[in-house]
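I wanted to get my bearings in a structure I had not opened before. My plan was to look at the pockets, then the fold, then the surface.

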Amino acid sequence: MSEPPGAAVSLAEAPPTPTDIPSEPPAAQRVQPLRRPGRWIVTAVVLVLVAQILHGLVTNPFYQWDRFRYWFLRPTVLDGLLVTLEVAALSAVLGLLGGILLAVGRLSGSPVLRAVSWTYTWLFRSVPLIVVLIFLYNFSALYKTLSLGVPFGPAFVTFDESKLATDMTIAVIGLTLNEAAYAAEVVRGGILSVDQGQHEAAAALGLPKGYQFRRIVFPQALRSITPNYVNQLIGLIKSTSLVFYVSLLDIFGTVQSMSSTYPGDVVPLLMVATVWYLILTSAVSVVQFYVERYHARGATRTLPPTPLQKARAGLASLRDRLRREAAV
């Protein structure tokens, strides 16, 4: 049977089979990433701005870096730094303990404890810290003496408030009262983030309430509490600068006093305080990373890499890439 004209297809016109397509080297078959010119433009602009800022810091004589080096490790400045560390450490520990008690009170079944905890949190989150510190500094005008004894009855022991309320005591108490109010909400949020099934499983085992909280609920809540409370801790370190107004010479108070004595060194002294605050907050951030990594052991399959591990992985990836390109 004859085929219609034009129906025959020659071998030369037949479509090529996969075996007829010449194979390409692996480098030519690599998928090319999507071009993003906008990202490169923004990156270039940011790098230019950063370079200009660094150039201004280095070349502007107004910063007086020679005077900065002179003041940075002076004994007076280091004494103020130790005061800052002491106030921040005591306030952080006492504030966290107070925040835990307030959070447990907010979550308790007692309406009185819930009301008192809520009122305390509402009050100290509403009043500025500087007002609290100045109020405590003048507390002796309201109460000359403090006593221990029968409520509404005779006093057994009496204290002179003016002798007990030193500058350090006032600063620590004021920061602790303020910190506990914020820490209470951080801890309460962390406890509420724990799955309800964990509470039910612990109750089904017949464990006491205190043991449930210490061994089951609170360790899991720390995954949520840690990053939020570290933010509070960083804010606390910066808030220690306010104790200067209650006559306690921390790092900021020392810088302020020295700038009054040496008015030509105001900017270098402010830079000294700035750099020390940066060092303190950076150290807290490093501790935060390792604490979060520790508490992530039961929540993630693989722990987040440390900065050293990231650097090693980046170098290894760069070496492999250079070897592949050299081989091609």
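I started with the lining of the largest pocket, and α9 gives the most to it, with four residues. Helices here are DSSP runs of H or I with at least four residues, strands are E runs with at least two, and both are numbered from the N terminus. I kept in mind that this is a predicted model, where local features need pLDDT of at least 70, side-chain atom pairs count only at pLDDT 80 or more, and totals for chains, interfaces and linings use all residues. Residues are numbered from 1 along each chain as its sequence is written, and side-chain values use heavy atoms, with hydrogens and water left out.

Largest pocket, continued. I noted a volume of about 390 Å³. Thirteen residues line this pocket, and L107, I191, H199, F213 and V217 are the closest to its centre. A pocket, on a 1 Å grid over the protein atoms alone, is an open set of points where a 1.4 Å probe fits, with protein on both sides within 12 Å along at least five of seven lines; lining residues have an atom within 4 Å of a point. Grid points are joined across faces, edges and corners, and the volume is the space filled by probe spheres set on them. I found that α3 (75-107), α7 (167-193), α8 (196-204) and α9 (209-239) each supply at least two lining residues. By class, I got eight nonpolar, four polar and one charged. Asp, Glu, Lys and Arg count as charged, Ala, Val, Leu, Ile, Met, Phe, Trp, Tyr, Cys and Pro as nonpolar, and the others, Gly among them, as polar.

Second largest pocket. I read off about 280 Å³. Of its 14 lining residues, L96, T226, Y229, V230 and V291 are the closest to the centre. α3, α9 and α11 (266-295) give two or more residues each. Again I met α9, which has the largest share here, seven residues. I see twelve nonpolar, two polar and no charged residues in this lining.

Fold. I have twelve helices and two strands, in the order α-α-α-α-α-β-β-α-α-α-α-α-α-α along the sequence. Of the 328 residues, 28% are buried (under 20% relative accessible area, 1.4 Å probe, protein chains only).

Last stop, F135. Is this residue buried or exposed? I found F135 in between: partly exposed (20% to 50%), at 48% relative accessible area. F135 sits in helix α5 (residues 129-137).
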